[in-house]
Amino acid sequence: MNSPWIPSGSTRRQALASLAALTAATAVGAAGCVARSGRPSAEPAVPARPTKPGAAEPFTSASGDKGALLLQVLAHPDDDLYFMNPDAEHALSSAVPVVSVYVTAGEARGINYVAGRPVPAPDKADYSAARHQGLRQAYAQMLGLRQFAEWKRSVLRLPGGVTAETNVLTNGARSVRLIFLNIAMLSEGGVRIPALWNTPGTVMRTLLATGSRVTHPSSYVHQTLVDVLAEIMHRYRPTLIHTLDPDPDFQAHDALHPKDNDQPGCSDHRDHTPVALFTWKAITQWVADSTRRDKHAPRFTTIAFRGYYSQRWPHNLPPAVLADKARVIKSYGGSPEWECGNTAGCGDYSQGGKRPLRNRKGWIRSTHHRYSGALPTPTTDREGRLVAYGVLGTQAVRWRETSAGSGRFGAPQGLGGGPLAPALCAVRDARGRQLLIALRFASLGGQGSTGLREIVVLEQRRPDGPFRAWTGLGTPDSDPERGRRTGCPVAVAAPDGRIHLFVRTAEKGLATRVRDVVGRWGPWQRLGGGEIQDGLTAALDGEGRVHVVAAGRDTVHHWGQQRADGPVTLLPPSGLPRPGDQPGAAVAPDGSLSLVYRTPTATAPGVHRLGGGPGVTVRHFAGYGPVAAHTVAAPVGRRKARTTVLLGRDLDGEVQIQYGTGPRARPLRAPGRLIPVGTPALLPEGRKGVAVVGMAPDATPWIWRPRPTSRA
């Protein structure tokens, strides 16, 4: 290895500034996927101004923020194993403690079915307990212990007189806590979780699993679940929160697209969406309560994960990563032949053996983040210091390098604007002023109100100067239910002074707004084209023309300018191989764009020229997930030449970088085990090479400046 990775350790010792409290009593939208005519939100769609950007004091660290902790909130036992792994297992393997909360009992019809055997009589209490045992088996394996390791089981007392069973297991520095709220999926009167979210007056009861340490059922109304989740956040102080998808894609169901386990009109389970919304509402309450009580906001980042979306798009996990994921789910599924010591059952038998791998739905074969984009987004200031923008505690923040090249960030400065989705983009206009563009939860809540999302922008008054107030840009859709499906924004500054903003739409297409040279934003415009995944890549080619590419089901979809001052339009089909993830883009020697991505289930990425030509497989850059790419000047023998630099994850989830795509090029890894939260970013630094900027599980950003190698 070369220059060491230097985490921003000083950030942990410096005071953290108080974030503006998030509004706990925000208005809400329906959890379902059919447009509703619920009463309008009580909160305005235009974002409030909770802070004066640029004027926040340094953050003050809460006592529980000294170490990392991952909190996962799931609807059912196994949601984490199917949709949040490998991310969760990689965090655990890095000695990050994990707390997983399961909102429902997962009892379904109460049938623990074994393939090839008679269907057993329904027993919801037994089936819930068997799924709990399956989780204990899976997490014991992830901790490196035997499947039937003994857990410490006890009762957790929570707000509203609620009790829940909690199980704890440790192995050295690694630990897991499971919390089973066990709300019945089908409560008395046929009530389900979507009604608890959306219908005022709804009451749900818990199910007592067989053998549970909890002896009396609990009752939940809407606010009880919010209070319980917020209390769990306060009690365990997570620095990283995993949630399900609060706004899943619309999905047509027909003979070609069977409904399977989807909720009506959307590609996800009916319980996943309200549980995700409850989690986000609890997050806002936790932040507001902590700010009032402790005079500072908690420090954390959030990652949301797609659910049944994985069934509808090309799979993106290579064989080695899939095998690790399947190994854990096999432990969860268990077998009736196992002697686990639990009389109710030794797992969720329908998920045992190789059945998940054979399931045509393919949920096991992908992992998708709901909000794509770099965490955080880096740039530089006029003094040559790295500046990173990100979302911390659901608010925008800015970190500055302590001095040019120091490799350490100072304390973050709060910029407000929240509650924001985890990823934002940063772009500089022709006058050198920074713009931040983000997706905001303009309203949350439930109880029949309409949920709202909007794109918001924060602009500097002058280069490296203070910021103006946040401004709302709306979404391409006037209907709030459609607006909820808006993707994360990406933007690029063109040489003519305009800024082009792009988002994925509810129709899975592309829309744009353009800021002119005097700072006025034009209207939203739809750009046509086929269905694409979220995770857009916007870039300039060698002639300064704007291009946007995105992964479709069949190929890479491409929009761009025919001339540098022209409009961005849909271009002819690229004809490139089908992508499994978001493509990276770099300028090729002839000025065109080269795209770098993995095809579905591939281990090695390929380099493909937009406009045609044979692709090149980068055989030594084995890994999974998106690949970022930039063209920089790097040593090749005794001279410097333009070289493509790649950034991504290896098969174990660690950050890797590679100078060059030829057969002699080899990846570099940072000293130690560097597991990023989300997607790290690659920033060219001229003759110095590149800087890699990412987020650690303890919610602090890090900098790695690998030295260029001479092999390309």
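Here are five short exercises on this predicted model, each with a worked solution.

**Exercise 1. Describe the seven-stranded sheet: its strand order and its edges.**

Start with the order. The strands follow one another as β4-β5-β6-β3-β2-β9-β10, in an open sheet with mixed pairing. Next, look at the two ends of that list. β4 (152–158) and β10 (301–304) each have a single partner strand, so one side of each lacks a neighbour in the sheet. Then check the twist: on average, neighbouring strands are turned by 20° against each other, direction ignored. Finish with one pair in detail. β9 and β10 run parallel and are joined by 4 bridges. In this part of the sheet, Leu240 stands opposite Thr301 in β10.

**Exercise 2. Work out which strands α6 and α7 touch, and at what angles the helices run.**

Take α6 to begin with. This helix packs on the sheet and touches β2 (70–74), β3 (98–104), β4, β5 (162–171) and β6 (174–183). Its direction makes about 170° with that of β6. Now turn to α7, which also packs on the sheet, touching β2, β3, β9 and β10. The direction of α7 makes about 155° with that of β9. Comparing the two lists, β2 and β3 appear in both.

**Exercise 3. Place Ile232 in its helix and in the nonpolar core.**

Begin with the helix: Ile232 lies in α6, which covers residues 222–236. Then ask about exposure. With a relative accessible area of 2%, Ile232 is under the 20% cut-off and therefore buried. Now list its partners beyond four places in sequence: Leu71, Val101, Leu158, Ile179 and Leu181. A distance along the chain can be added here, as the C-alpha atoms of Ile232 and Leu156 are 10.0 Å apart although 76 residues separate them in sequence. Last, move to the core. The largest nonpolar core has 112 residues, and those touching the most other members are Leu81, Tyr139, Ile179, Leu181, Leu225 and Ile232. α7 gives the most to this core, with 9 residues. Another core, of 15 residues, lies apart from it and includes Leu647, Val655, Ala670 and Leu682. As a general background, nonpolar side chains tend to be buried together in soluble globular proteins.

**Exercise 4. Describe the setting of Asp245: is this residue buried or exposed, and what does its side chain reach?**

First, locate the residue: Asp245 is in the loop between β9 (240–243) and α7 (272–294). Second, read its accessibility. A relative accessible area of 1% makes Asp245 buried. Third, follow the side chain, which reaches the backbone nitrogen of Asp247 at 2.9 Å. Fourth, collect the contacts beyond four places in sequence: Asp268, His272, Thr273, Ala276, Phe305, Arg306 and Arg370.

**Exercise 5. Sort Cys340, Cys346, Cys425 and Cys488 by whether they take part in a disulfide.**

Start with the count: the structure holds 1 disulfide. Cys340 and Cys346 form it, with their sulfur atoms 2.1 Å apart. For the handedness, use the torsion about the S-S bond, which is about -85°, so this disulfide is left-handed. Cys340 is buried at 13% relative accessible area, and Cys346 is buried at 5%. Now take the other two. Cys425 is in no disulfide, and its nearest cysteine sulfur, that of Cys488, is 9.0 Å away. Cys488 is likewise in no disulfide. Both are buried all the same: Cys425 has 10% relative accessibility and Cys488 has 2%.

Note on methods: Residues are numbered from 1 along each chain as its sequence is written. This is a predicted model: local features need pLDDT of at least 70, side-chain atom pairs count only at pLDDT 80 or more; totals for chains, interfaces and linings use all residues. Side-chain values use heavy atoms; hydrogens and water are left out. Buried means under 20% relative accessible area, exposed over 50%, partly exposed in between (1.4 Å probe, protein chains only). A polar contact is a pair of N or O atoms within 3.5 Å; within protein, one must be able to donate a hydrogen and the other to accept it, and residues adjacent in sequence count only if both atoms are side-chain atoms. Contact means heavy atoms within 4.5 Å. A nonpolar core is a set of buried Ala, Val, Leu, Ile, Met, Phe, Trp, Tyr and Cys residues joined through side-chain atoms within 4.5 Å. Two strands pair if DSSP finds at least two bridges between them. Axes are lines fitted to C-alpha atoms, for helices over the stretch in contact, and angles run from 0 to 180 degrees between N-to-C directions. A disulfide is a pair of cysteine sulfur atoms within 2.5 Å.
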